[in-house]
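Below is a colleague's note on the model shown here, set out as numbered points. The points take up single residues and helix contacts in turn.

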Amino acid sequence: MKSQLNVSTLVAVLVVAGLVLLPVYSNLTGNIFILTLFTRIVILALAAVSLNLIMGYGGMMSFGHAAYLGIGGYAVGILAQEGIGSGWAQFAVAIAVSALYALVIGALSLRTRGVYFIMITLAFAQMAYYVASGLARYGGDDGLTVYKRSDFGGLINLGNRVQFYYLCLFCLLAVVVLIWRIVNSRFGLVLQGLRSNEQRMQAIGFPSKRYKLACFVIAGMLCGLSGALLANNTDFVSPAVMYWTRSGDLMVMVILGGMGTLMGPVVGSVVFLVLEEVLSQLTEYWALIMGPLLLLIVLFGRGGIMGMLGRLNRG
């Protein structure tokens, strides 16, 4: 067990070190594209980490998590359109509205279980998608261009690629640390107990729905933060970011890296998005190659990449 822990720690350290040093490599080689690609990867990794909190640790299989990406993005885009360029205001609204939406959706969805929970979260995400598509003032189906990135009063310049990348990386690492603290707290231990045996936890007096709802809201807030960063990264937000296929991508990233592991979603996001980029450069039918690869990992690599590393080490 100690040896397995060392392998997991080593992989986590290497991933973090690689992400920290990436702008240095980009600057030395003059490869701007790799910095742009990994900025997107870090942002989506943040969304995947937030999904892992409810899916990996809470046992709630949400198929509508991408809705918060859109909510966070539209919060930035709409406020910028209305002349409110303060990043403090934009990000605060993105997180607050995501929390409110998660509170409402969670309160309703947690009345169900299993496949019904999956379907109701999917239904609410599609509702958000169609609402965004109907916002004619803010681009409707065509999306909304963010002409000016969030302004943090000179503290950080989001127009600078390197500064923006490090802001995204700081947010990702801060969220990973936050989730580590949550998972190892009394709240997190109760949450994992509910995932394992909800009836027993209820029998000894724990209000399961309150704990799950709190977890659901926290995950929504963190994903809303990811959405605000994504809108600044692309200078654009559209209803497509809320579509159910994006939620599916986030689920794949979590499962691929290792559901219920701290760094698994980060590793899964890097592997999934790098593979997507490389294969799409080789052929337009890249999905026909990537699909079977992911299927093989899921079928024969129980526990995702982090689980495979642990088994190889024990062997």
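1. Where is the place of D235? In this predicted model, D235 sits in the loop between α9 and β2, the latter covering 236-237. The backbone deserves a look at this position, for phi of D235 is near 55°, a positive value in a residue other than glycine. With a relative accessible area of 29%, D235 is partly exposed, since the range for that class runs between the 20% limit for buried and the 50% limit for exposed.

2. The helix that precedes this loop, α9, spans residues 208-234 and contains K212. Is K212 buried or exposed? Although K212 carries a side chain of the charged class, K212 is buried, its relative accessible area being 13%. A partner for the side chain can be named, because a pair of N or O atoms within 3.5 Å can qualify as a polar contact, and the side chain of K212 makes such a contact with the side chain of E198 at 2.9 Å. Once neighbours within four places in sequence are left aside, K212 is in contact with G58, M60, L110, L191, L194 and E198. As for M308, K212 is 96 residues from M308 in sequence and 29 Å from M308 in space, taken C-alpha to C-alpha.

3. The contact of α2 with α11 can be described in some detail. Helix α2 covers residues 32-57 and helix α11 covers residues 264-282, and their axes come within 8 Å and cross at roughly 135°. The two helices are therefore oblique to each other, and α2 passes α11 in a right-handed crossing. On the α2 side the contact involves F33, L37, F38, R40, I41, L44, A45, A48, V49 and N52, and these meet P265, V266, S269, V270, L273, V274, E276 and E277 of α11. Sorted by class, the residues of this contact divide into 13 nonpolar, 2 polar and 3 charged.

4. Which residues does S269 contact beyond its neighbours within four places in sequence? S269 is found in helix α11, and its contacts outside that window are I41, L44, A45, A48 and M253. S269 is buried, with a relative accessible area of 0%. A polar atom of the S269 side chain lies 2.7 Å from the backbone oxygen of P265, and P265 is itself among the α11 residues that meet α2.

5. A serine in the other helix of this pair may be read alongside the previous point. S50 has its place in helix α2 and is buried, its relative accessible area being 0%. A polar atom of the S50 side chain lies 2.6 Å from the backbone oxygen of A47. With residues up to four places away in sequence not counted, S50 touches H65, A219, L222 and C223.

6. What does F272 touch, apart from residues up to four places away in sequence? F272, which has its place in helix α11, touches D249, V252, M253, L256, M290 and L294. F272 is buried, with a relative accessible area of 6%. M290, one of the residues that F272 touches, is 18 residues from F272 along the chain, and the C-alpha atoms of the two are separated by 8.9 Å.

7. A second helix pair is formed by α4, residues 87-109, and α5, residues 114-133, which pack at an angle of about 145° with their axes 10 Å apart. Here α4 passes α5 in a right-handed crossing. The contact is made by Y101, I105, L108 and S109 of α4, together with F117, I120, T121, F124, A125 and A128 of α5. By class, this contact has 8 nonpolar and 2 polar residues and no charged ones.

8. The last residue to consider is Y166, found in helix α6, residues 161-183. Y166 counts as partly exposed, at 32% relative accessibility. Not counting residues up to four places away in sequence, Y166 touches V20 and P23. T39 lies 127 residues from Y166 along the chain, while the C-alpha atoms of Y166 and T39 are separated by 8.7 Å.

Note on methods:
Residues numbered from 1 in each chain as written. Predicted model: local features only at pLDDT ≥ 70, side-chain atom pairs only at ≥ 80, totals over all residues. Heavy atoms only, no water. Axes fitted to C-alpha atoms, helices over the stretch in contact; angles between N-to-C directions. Helix = DSSP H or I, 4+ residues; strand = E, 2+ residues; numbered from the N terminus. Parallel < 35°, antiparallel > 145°, perpendicular 65-115°, else oblique. Left-handed = near helix turned anticlockwise from the far one by under 90°. Contact = heavy atoms within 4.5 Å. Buried < 20%, exposed > 50% of the residue type's maximum accessible area, 1.4 Å probe, protein only. Polar contact = N/O pair within 3.5 Å; in protein donor to acceptor, adjacent residues only side chain to side chain.
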